[in-house]
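Colleague: I'm new to this one, so can you walk me through the ligand site?

Modeller: Sure, let's have a look.

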Amino acid sequence: MKTYNHYINDEWVEPSSGAYLDSENPFTGEIWARVARGNAEDADLAVKAAKEAFENSDWADMRPTQRGKLLVGLAEIIEREAVRLGEIEVRDNGKLIAEMGAQTKYLAEWYRYYGGLADKVEGAVIPSDKPGIFNFTRYEPLGVVGMITAWNSPLLLLAWKLAPALAAGNTAVVKPSEFTSASSLEFMELIREAGFPKGVVNCITGLGLEVGQPMVDHPDLDKVAFTGSDVAGQKIYESAAKKIIPVTLELGGKSPNIVFEDADFESAVMGAISGIFAATGQTCIAGSRLLVQRSIHDRFVERLIEVAKEAKIGDPMSTETHVGPVTTPPQYRKILDYIEVARKEGAKCVLGGKPYAGDGVRSDRFVEPTIFTGVSNQMRIAQEEIFGPVLSVIPFEDEDEAIAIGNDIVFGLAAGVWTSDIGRALRMSEKLKAGTIWVNTYRAVSFMSPFGGYKRSGKGRESGQESIKEFLQVKSVWIAQQTTPANPFIMR
Ligand code: NAD
């Protein structure tokens, strides 16, 4: 069994408590690794190392071009190691190798993109209204950024934070989920190989309340970039408010995937399936509310069931598998609880609705792809994030009703629209209150395109050019061109 310690100041450091957490392979049930169970003392060590690196290291004096080169170098190492990283994600997380193979390679693009952007962040010369004043702005890094990630896509969520934060000149303390820490820890060896000065990137592991919260509360932490549930996000936002430090929050969703009668039928069916059963529904952007125009509702549901029934459930290491295990025991129980809630609320289960008990899979970690019809948008299964392979189908009459239902939710992460009418596509993308709108596609993300939530789905954006500004602050510099004494008692 592998033992992982904290990575602090370029060294593997044992947890000060001496305690470890087990890391389980969700498919086999094997405890394949243990990770350090951090506490406030470990958080203090890591934040101080990052602070020292920010203020007094080669990093502090490094020009943006050189930072960019380090990031591009890291991208090349990631490409070389992509297969191995993908396998770790599958072992630790239960993600499909079919998806991870490409995703870990794609990670490199975030580091390459922000490596390229590092020396293109320009301030401005302000056309000052004051005579004899030269006024310009410069963008400066914030300092030490705490990066807290969820268990469902550890390396991807980390790339969205780490690449722009480093390009901007910050240092980092990474705190991955206690359920899936291994890939982020392995990633630290890649950081080391790429040649980042010591202390620039650190990684501490353990429970949110035991090590994450002390990191957030640490007086030397200058920003939190968080991905996780809205409940934990709110708590972190409150803690950050006490210190008046900025946050970016990437939180949950309950995204509407909206199918109009004029859509390409078969593409929409595949889009609906991919929206909810890909990644076993354990994705923030799951299209978990499927809104189908009433005129095609029954036919659409029939075809949906037909396709979903064909999904191969099983070993995530097999490239043939479509639906893998649920990653964590609490998540498995939560999904089954919601299926019960749906039944009690009067929704009709037309597919699945119970643990999956096929050959060669454990009995306590698989849930059948599940579809409920007769769902009203007020039901809990339509309003609350389940984070599993459970779809709520809701009928609607027309565009106005689709918009009303789509927006009648506390979340606003993403929405899908399936239509062949370009006017409708544009109207819907304007009216839906979500950070990402997909038309005739679903579940697409890119390093180039901003991603983030409206409403309770978050604050700030990740990816794209703008997001580097989330890791910078602007300074306005005023220089008088002559030094004639002026009246000190009036504002200039
Ligand atoms: P979670 O909120 O339970 O935990 C997320 C991380 O926060 C973990 O590392 C955890 O240890 C840490 N944490 C929890 N409480 C903390 C605290 N008080 N202080 C500091 N750290 C704390 O979420 P999860 O179950 O790991 O992930 C699932 C959630 O993440 C879902 O709601 C999903 O929608 C969301 N998510 C959002 C995005 C996005 O980009 N918007 C992407 C992936 C997942």
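Modeller: Domain 1 (2-251 + 457-476) and domain 2 (256-439) both supply residues to the shell around the ligand, so the ligand lies between them; the domain bounds come from an automatic or database domain assignment. This is a predicted model: local features need pLDDT of at least 70, side-chain atom pairs count only at pLDDT 80 or more, and totals for chains, interfaces and linings use all residues. Residues are numbered from 1 along each chain as its sequence is written, and side-chain values use heavy atoms, leaving out hydrogens and water.

Colleague: Which residues surrounding the ligand are the closest?

Modeller: K175, E178, Q213, S229 and E385, out of 29 that surround the ligand. A residue is near if one of its heavy atoms lies within 4 Å of the molecule.

Colleague: What makes the pair between Q213 and the ligand a polar contact?

Modeller: A polar contact is a pair of N or O atoms within 3.5 Å. A polar side-chain atom of Q213 lies 2.7 Å from a ligand nitrogen atom, so the pair fits that definition. T149 fits too, with a backbone N or O atom 2.8 Å from a ligand oxygen.

Colleague: How do the residues of the shell divide into nonpolar, polar and charged?

Modeller: There are 14 nonpolar, 10 polar and 5 charged. Asp, Glu, Lys and Arg count as charged; Ala, Val, Leu, Ile, Met, Phe, Trp, Tyr, Cys and Pro as nonpolar; the others, Gly among them, as polar.

Note on methods. Polar contact = N/O pair within 3.5 Å; in protein donor to acceptor, adjacent residues only side chain to side chain.
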